[in-house]
Amino acid sequence: MNKREFLTDAVLFFPAASLVATLASKAAGKELSAETTTGYDPSLHWYGMGIDVDKCIGCNRCVEACKAENDVPTEPYFFRTWVERYTIRNNGETTVECISTKPGPAKQAAPEDPSVVRTFFVPKLCNQCANPPCVQVCPVGATFQTKDGVVLVDEKRCIGCRYCIQACPYGARYLNPHTRTAEKCTFCYHRVTKGLQPACVEVCPTEARIFGDLNKLSDRLVRFQRANEISVLKPDLNTAPKVRYAQLDGEVR
Amino acid sequence: MSAPMPQALYEQLASQLSQVIGFIYPNEVETHWSILIVIYPYLTGIVAGAFILASLVKVFNVVEVQPIYRLALLTALAFMLVAPIPLQLHLGHPERAYEIFMTPQPTSAMAMFGFVYMWYLLGILLIEVWFEYRQQMIVMANRGRGLMSRIYAALSLYSKDISPQALAFDKRASKFVTIVGIPSAFLLHGYVGFIFGSVKANPWWGSVLMPIVFLMSAIVSGIAMVMLVYVLLSLVRNEKLDMRCLDKVGLFLLVAIIVDFALEALDYIHRLYQSEESIKILGQLVSSKLFTSLVIMQVLIGMLLPLLLLVLVRSQRVNAELRKLLYFTAALLIQLGILSMRWNVVIGGQLYSKSFRGLMAYKMELTGIESLATAVVLLTAPFVILTVLLNLLPTQHAEQRTAPT
C-alpha cells in the first residue's frame, strides 16, 4: 500500500466507521424516560383547567398571549383559544358572537338595554378530553394523549388528513396553513412541564382561568372544583373534558 | 415542505366568512374536506357496485348478465385505480401518506383504508381479472412476435397452460375470488360510510345507517355506471345490445334504487321523529344551503325520476329502442343523484356549526389542487383508463369475436 492508497482508504474509513458506530449505539440504546432527562415525571400529573365564567371580562388578552406564545397564525380563522359573548334577552332569544376575531377588548352587550336578561363571556379552548375523539380517529397516531393528560399533535408525523378536525365536537382544531398540519391548544405543554402556567392563564387579569393538577387534592384547581358548581361542554358526547366551567349557563354549547 | 403561499386560502376564507349566517366557532370558517373528498366515495362506490354486479354472474349464476360480466370487472378496476388519488392530493403532507401503512392507528377507521384498498385491488380485483383473461391473454401472446404479444405474455405472467384442466381451475379460482370479493366489496364501501357515520361530533354524519346507506347507494351507482358504459360502448362500436341482459340489469337497478330510497327515507324520518338538539339547524341546512343539491338534485332528479323511468320501462308496450333510451337516461340521472348525495353528505356536514347556531359557506375553487378542475380530471380519468383496458382486454370471448355479430 502506497501513501496515496492509504490516504484514500483513511478518508473513506473514518466516516464509515463512525456512521456504523452511531447506528450501533442507536440500535442498542433504550429510549430515555422524560424523568431521567429533565427531572419531570409526567405520570405524576393529570392536568386540567378551571374557567370561572363570571370573572371573564372579555379583554382578549388570553387570545393574544396564546397566539404570540404558540406561533398561531394571526388571521382570524385560526385559534387555540377564543372568547365568546352571550347575550340572552327576555324573549328567550340568545345571541352569540366570537369577540376574538377582532383585536382588543370587547364590551358587554349594551347592559343598559332593558331587554337583556344576562350577558357574559365564555373563554373556549381545547377541552383536553380524557376520552378524546380526535385521538381515536387519527389514522397515523400523530395525535396522542400524554401521561399527564394533555392531547398533543406530533407535527412531524401528522399527514394533514384533517379527520381530527372533523372529529372534534368543540371546533378546537385548525390546520396551520404554513406547516399544513393540525394544531390545537397544548396547555402550553412546553411551559407547564417546567412548572410554569399556560400563557393564557399567566396573562388573565381577573384569574378567570385556573390551571392545575387534578391529581393533587391541595391543588387550586381541585379546590376550585370543590367550591363551585362545575359543568363541562357537551357532556352527552362522553368526551370527559378536563376543562371545567363554573357558573356556566345552559345556553353555552 | 410543500407549503403553498396561504394568501389564496386567506382570500377564500375571507369570502366564506362573509357568508356565515349566525354564530360559528372561529376555526370552522375553513371547509376542511373539499370537493376531492366528495368524489372519493363516489369513485369507490362505483367500484363496489360494479363488482357486486359482476358477482351476480359468477356466484349467483344469473346467466342473462353474462354479456356484461367482463365490462363490469374492468369498470371496477378502472375506477379503483383512480379512487385513492383524490385522498392523496388532499393531504397536507402527501409525502407522509406511507405512514398509514407503517404506523396505523388501530382505533382509526381511516387507518384501515390502506389495507382495505390494497386487499381489494391486489387480493381481489386484479386476481379475478387475471383468471378471467388468462386463457385469452395466452392465445393473444401466441399470435405473433410483436410488442403486443410480448405485453400479453407479460400480462399473463408467462403462464402457458391452456389445457382443459387448467381452464377448469381458472373457473374455480375465479368463482372463489368472487365469493371472497363480495364481503370485501361490502367492506370497501361500508367502511367509507363508517368513516362518516362514526363521527359523533357531527350529527349530520353520525348515524348507524350511514355505512348501509353508502353501500346501497354504491350498488346503485355501480350498476348504473356499468349500464351506462354498456349502452355507450354499443353506440361507439356499433354493436347490437343484448336486450335480455339490459332488462335484467335494469331490474336489479330498480330493486337497488328502491332499497336505497327506503334506507335514506328511513334515515330522514328517524332524524325528524327523534328531533334531537341538532334538528333545528339541520332543518335550516336542508331548506337553505342544501335545498338544490339535496331535494332537487339528489332526491327528485337523481332518485325519484330514474325510479319512475325504470318502472315505466317494465310496462309491456315500450319497444327496445325506447327502453334503451330510458335505461340510458335513468343511469345518467342516477350518476348525478349519487354524486349529489356524496356532496350533500361531505360538504353538507361542514356547512353548519357544531355549536348548532350557524351556517357556513363553501366556495369551491375553480383551479388549483383542491378544485373543480381537479375533480373533473379525476372523474374523467376512469373512463380513459377503461378505454385502454377495453382495448387491451376485449369484453368478448375469443370464440365470440371470430363469429360474425
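**Arg162(A), Thr75(B) and the interface between them in question**

Modeller: Arg162(A) is buried in this predicted model, with a relative accessible area of 5%.

Colleague: Why is Arg162(A) called buried?

Modeller: The term applies under 20% relative accessible area, and Arg162(A) has 5%, so the residue counts as buried. Arg162(A) lies in the loop between β6 (151–153) and α5 of chain A, and has a positive phi of about 70° although it is not a glycine.

Colleague: What makes a positive phi worth pointing out?

Modeller: Most residues other than glycine have a negative phi, so a positive value is set apart from that pattern. Arg180(A), in the loop between β7 and β8 (182–183) of chain A, also has a positive phi, of about 60°, although it is not a glycine.

Colleague: How do you know that Arg180(A) counts as buried?

Modeller: The cut-off is under 20%, and at 17% relative accessibility Arg180(A) therefore counts as buried.

Colleague: What makes the meeting of Arg162(A) and Glu30(B) a salt bridge?

Modeller: The rule asks for a side-chain nitrogen of Lys or Arg within 4 Å of a carboxyl oxygen of Asp or Glu; for the side chains of Arg162(A) and Glu30(B) the N to O distance is 2.9 Å, so the pair satisfies the rule. Across the interface of chain A and chain B the rule finds three salt bridges, and there are 30 residue pairs in polar contact, both residues being at pLDDT 80 or more. By class, the side of chain A that touches chain B has 29 nonpolar, 13 polar and 13 charged residues.

Colleague: How many residues of each chain are in contact, and what area is buried between chain A and chain B?

Modeller: 55 residues of chain A are in contact with 47 residues of chain B, and the area buried between the two chains is about 4,200 Å², with carbon and sulfur atoms giving 53% of it. In chain A, Tyr77(A), Gln166(A) and Arg253(A) lose the most area to chain B, together 20% of what that side buries.

Colleague: Why is Thr75(B) called buried?

Modeller: Its relative accessible area is 0%, which is under the 20% cut-off, so the term applies to Thr75(B). Thr75(B) is found in helix α3 (residues 69–82) of chain B, and, leaving aside neighbours within four places in sequence, is in contact with Ile46(B), Ala50(B), Met225(B), Val226(B) and Leu386(B).

Colleague: What makes the approach of Leu71(B) to Thr75(B) a polar contact?

Modeller: The backbone oxygen of Leu71(B) lies 2.6 Å from a polar atom of the side chain of Thr75(B), and the cut-off is 3.5 Å, so the distance falls within it.

Terms used:
Residues numbered from 1 in each chain as written. Chains lettered and ligands numbered in written order. Heavy atoms only, no water. Contact = heavy atoms within 4.5 Å. Buried area = accessible area lost by both parts, 1.4 Å probe. Polar contact = N/O pair within 3.5 Å; in protein donor to acceptor, adjacent residues only side chain to side chain. Nonpolar A, V, L, I, M, F, W, Y, C, P; charged D, E, K, R; others polar. Helix = DSSP H or I, 4+ residues; strand = E, 2+ residues; numbered from the N terminus. Buried < 20%, exposed > 50% of the residue type's maximum accessible area, 1.4 Å probe, protein only.
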